[in-house]
Amino acid sequence: MKNVAVVGVGDCGTNSVLRLRKQGMDCEMIAVCDSERAEKIEGKGVVAVDSENADLLKLKANTSTVFVINGIGGKTGTFLAPEIAKKVKETGSRVVSIAFHPFPLEKERCAMVAGFVENMEQCADEMILVKNNDYVEKYPGKSMSEAFELIDKDVYENIILKKGR
Ligand SMILES: Nc1nc2c(ncn2[C@@H]2O[C@H](COP(=O)(O)OP(=O)(O)OP(=O)(O)O)[C@@H](O)[C@H]2O)c(=O)[nH]1
Ligand SMILES: [Mg+2]
């Protein structure tokens, strides 16, 4: 898809975009924002961004839609994804947030969802909350990594391909 960029923020977002790339995601640019891992990943078809240089996505790929992907409950994704969304939106791209709701047993992380949603709603044009637990119920007996792969496949087919333009 021309003019579509996908940015993963934090560990979950980074894992997710790397899996999507492996699954053959078609997009103009893949970026990650994770200070701990970006250096190791950058260059292999992946660009490192932070909230300061997120406008790169517009400059380099002339993106019209940018998907910002993160898990909720850690620090990086929860707090930097809205900042990146805001910065990208300022460049004129449409921003769709895809955020993973933590598992119910991650109680303290779940408590951060409401604040994140409130924040992201101010920064993105649209936000989609994907509940990790729904997949565990839908695909019982799968390992965590198998479940994450299925989630990403679904995100690609039902959100990115449908909403990217
Ligand atoms: N769907 C999906 N969810 C994940 C994945 N990895 C982690 N999560 C969820 O995302 C939440 C946030 O975790 P991380 O992404 O590790 O947190 P982070 O944003 O890196 O934050 P810090 O490491 O604290 O800076 C977790 O509590 C899980 O619920 C993944 O690969 N796929
Ligand atoms: Mg992390």
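A residue counts as buried if 20 or more other C-beta atoms lie within 10 Å of its own. Keep that cut-off in mind, and remember that you are looking at a predicted model.

**Stop 1: strand β2**

Select residues 29-33, which make up strand β2. This strand is mostly covered, with 5 of its 5 residues buried. Now show the side chains and look at the two faces in turn. Met29, Ala31 and Cys33 lie on one side, Ile30 and Val32 lie on the other, and every one of them is buried.

**Stop 2: strand β1**

Add residues 4-9, strand β1, to your selection. β1 and β2 run parallel and are joined by 5 bridges. Which residue of β2 stands opposite Ala5? Click on Met29 to find it. A little further along, Val7 has Ala31 as its bridge partner in β2.

How much of β1 is buried? The strand is mostly covered: 6 of its 6 residues are buried. Turn the view to see how they alternate. Val4, Val6 and Gly8 point one way, while Ala5, Val7 and Val9 point the other way.

**Stop 3: the whole sheet**

Next, bring in β4, residues 65-71. β1 and β4 pair in the parallel sense over 6 bridges. To see one of them, pick Val4 and look for Thr65, its bridge partner in β4.

Zoom out to take in the sheet as a whole. It is open, has 6 strands in the order β3-β2-β1-β4-β5-β6, and its pairing is parallel. The strands at the edges are β3 (46-48) and β6 (126-131), each of which pairs on one side only. From one strand to the next, the twist averages 25°. As a general point, strands of a sheet pair through backbone hydrogen bonds, either parallel or antiparallel.

**Stop 4: a helix across the sheet**

Select α4, residues 76-90. Which strands does α4 lie across? They are β1, β2, β4 and β5 (94-101), and the helix runs at about 170° to β4.

**Stop 5: the nonpolar core**

Color Ala5, Val6, Val7, Leu57, Val68 and Ile84. The largest nonpolar core has 44 residues, and these six touch the most other members.

Now center on Val6. Leaving aside its neighbours within four places in sequence, Val6 is in contact with Val17, Leu20, Met25, Cys27, Ile30, Phe67, Ile69 and Ile160.

**Stop 6: Met25**

From Val6, move to Met25, which lies in the loop between α1 and β2. Is Met25 buried or partly exposed? It counts as partly exposed because it has 19 C-beta neighbours inside 10 Å, and being buried takes 20 or more. Not counting residues up to four places away in sequence, Met25 touches Val6, Leu20 and Tyr156. If you would like to try the distance tool, use Met25 and Arg94: they are 69 residues apart in sequence and 19 Å apart in space, C-alpha to C-alpha.

**Stop 7: two asparagines**

Most residues other than glycine have a negative phi. Here are two with a positive value. Select Asn3, in the segment before β1, where phi is near 70°. Asn3 is partly exposed, with 17 other C-beta atoms within 10 Å.

Then go to Asn62, in the loop between α3 (56-61) and β4. Its phi is near 45°. Asn62 has 15 C-beta neighbours inside 10 Å, so it counts as partly exposed.

**Stop 8: ligand 1**

Finish at ligand 1. How many residues surround it? There are 20, and the closest are Gly10, Cys12, Gly71, Gly74 and Gly77. Color α1 (10-22), β4 (65-71), α4 (76-90) and α8 (144-163), the elements that give two or more residues to this shell. The largest share, 5 residues, comes from α1. If you color the shell by residue type, you will find 6 nonpolar, 10 polar and 4 charged residues.

How values were computed
Residues are numbered from 1 along each chain as its sequence is written. Chains are lettered from A and ligands numbered from 1 in the order in which they are written. This is a predicted model: local features need pLDDT of at least 70, side-chain atom pairs count only at pLDDT 80 or more; totals for chains, interfaces and linings use all residues. A residue is near a molecule or strand if its C-beta atom, placed from the backbone, lies within 6 Å of it. Helices (H or I, at least four residues) and strands (E, at least two) are DSSP runs, numbered from the N terminus. Ala, Val, Leu, Ile, Met, Phe, Trp, Tyr, Cys and Pro count as nonpolar, Asp, Glu, Lys and Arg as charged, and the others, Gly among them, as polar. Two strands pair if DSSP finds at least two bridges between them. Axes are lines fitted to C-alpha atoms, for helices over the stretch in contact, and angles run from 0 to 180 degrees between N-to-C directions. Two residues are in contact if their C-beta atoms, placed from the backbone, lie within 7 Å. A nonpolar core is a set of buried Ala, Val, Leu, Ile, Met, Phe, Trp, Tyr and Cys residues joined through C-beta atoms within 7 Å. A residue is buried if 20 or more other C-beta atoms lie within 10 Å of its own, exposed if 12 or fewer, and partly exposed in between; C-beta atoms are placed from the backbone.
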